[in-house]
Amino acid sequence: MTPNQDPFTTWVDLRTGTLDPERDLQDKHLAADMPGYYLEQDGAEDRLVYRVSAVPVPATNDELASSTTIIEPGTVGREYHMTKGHFHANWERSEIYLGLSGEGLLLMATDDGQHRTAPLREGAANYIPGGWAHRSVNTGDEPLVFLAVYIGDAGYDYATIAEEGFPVIVVRGDDGRPEVVDNPRYRRG
Ligand code: PAN
Ligand code: ZN
């Protein structure tokens, strides 16, 4: 049997999430990439919210794809910077998020409204089973950096979360600490 790929190494800067070599960088800006994702987005200044640096592999279920995500610190209204969040297009595909630096939360939700919150910081290896939408939130003052490893043909379904939102949101409380509260705009599918 002849394998169809050669092994390769990627160097990961564990603090910044920078990859060497960088192969596929995607920047997500508030205005262009996340319209309507935050409750109090009107009038918020445009900015870079997060960056994804991917290690591309063929999109098959033989492969393991990976990426780092770097979420800048900040809030939009009272909500902390977060990723768009998605189900996998092949919704039963699972994933692992390994926290590398910074401080945040991983939100997970099913399409019937169950939800879970997990820590996302250095050393937290979170298993995201198939069928759970996932979004990460930077609740700290530094960039939140994590490594994701997922099945090559997982794909992305962004539309469901864009339309329905997550059951909960993460806001800066009056004491300056993060609070997970019900999302008043959540619409169950
Ligand atoms: C991650 C995410 C990454 C950015 O690699 O794609 O953190 O989040 P959004 O895709 O929701 O914008 C992953 O979960 N891949 O499957
Ligand atoms: Zn995913």
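**Around ligand 1**

Guide: In this predicted model, 17 residues surround ligand 1, and the closest are Tyr50, Thr69, Gly85, Tyr97 and Tyr158.

Visitor: What makes a residue count as near ligand 1?

Guide: One of its heavy atoms has to lie within 4 Å of the molecule. The shell divides into 8 nonpolar, 7 polar and 2 charged residues, with Tyr counted as nonpolar and Gly as polar. β13 (144–151) gives the most, 3 residues.

Visitor: Why is the pair between ligand 1 and the side chain of Thr69 called a polar contact?

Guide: A polar contact is a pair of N or O atoms within 3.5 Å. An oxygen atom of ligand 1 is 2.7 Å from an N or O atom in the side chain of Thr69, so the pair qualifies. The side chains of His86, at 2.9 Å, and Tyr158, at 2.5 Å, pass too. The protein also covers 98% of the 400 Å² of accessible area that ligand 1 has on its own (Shrake-Rupley, 1.4 Å probe).

Visitor: How do you know which space ligand 1 sits in?

Guide: A molecule sits in a pocket if more than half of its atoms lie within 2 Å of the pocket's grid points. The space taken by ligand 1 is the largest pocket, so that condition is met. The largest pocket's volume is about 530 Å³, and 28 residues line it; β4 (48–55) supplies 4 of them.

Guide: Residues are numbered from 1 along each chain as written. Local features need pLDDT of at least 70, side-chain atom pairs 80 or more, and side-chain values use heavy atoms, without hydrogens and water.

How values were computed. Chains are lettered from A and ligands numbered from 1 in the order in which they are written. A polar contact is a pair of N or O atoms within 3.5 Å; within protein, one must be able to donate a hydrogen and the other to accept it, and residues adjacent in sequence count only if both atoms are side-chain atoms. On a 1 Å grid over the protein atoms alone, a cavity is a set of points where a 1.4 Å probe fits but cannot get out, and a pocket is an open set with protein on both sides within 12 Å along at least five of seven lines; lining residues have an atom within 4 Å of a point. Helices (H or I, at least four residues) and strands (E, at least two) are DSSP runs, numbered from the N terminus. Grid points are joined across faces, edges and corners, and a volume is the space filled by probe spheres set on the points.
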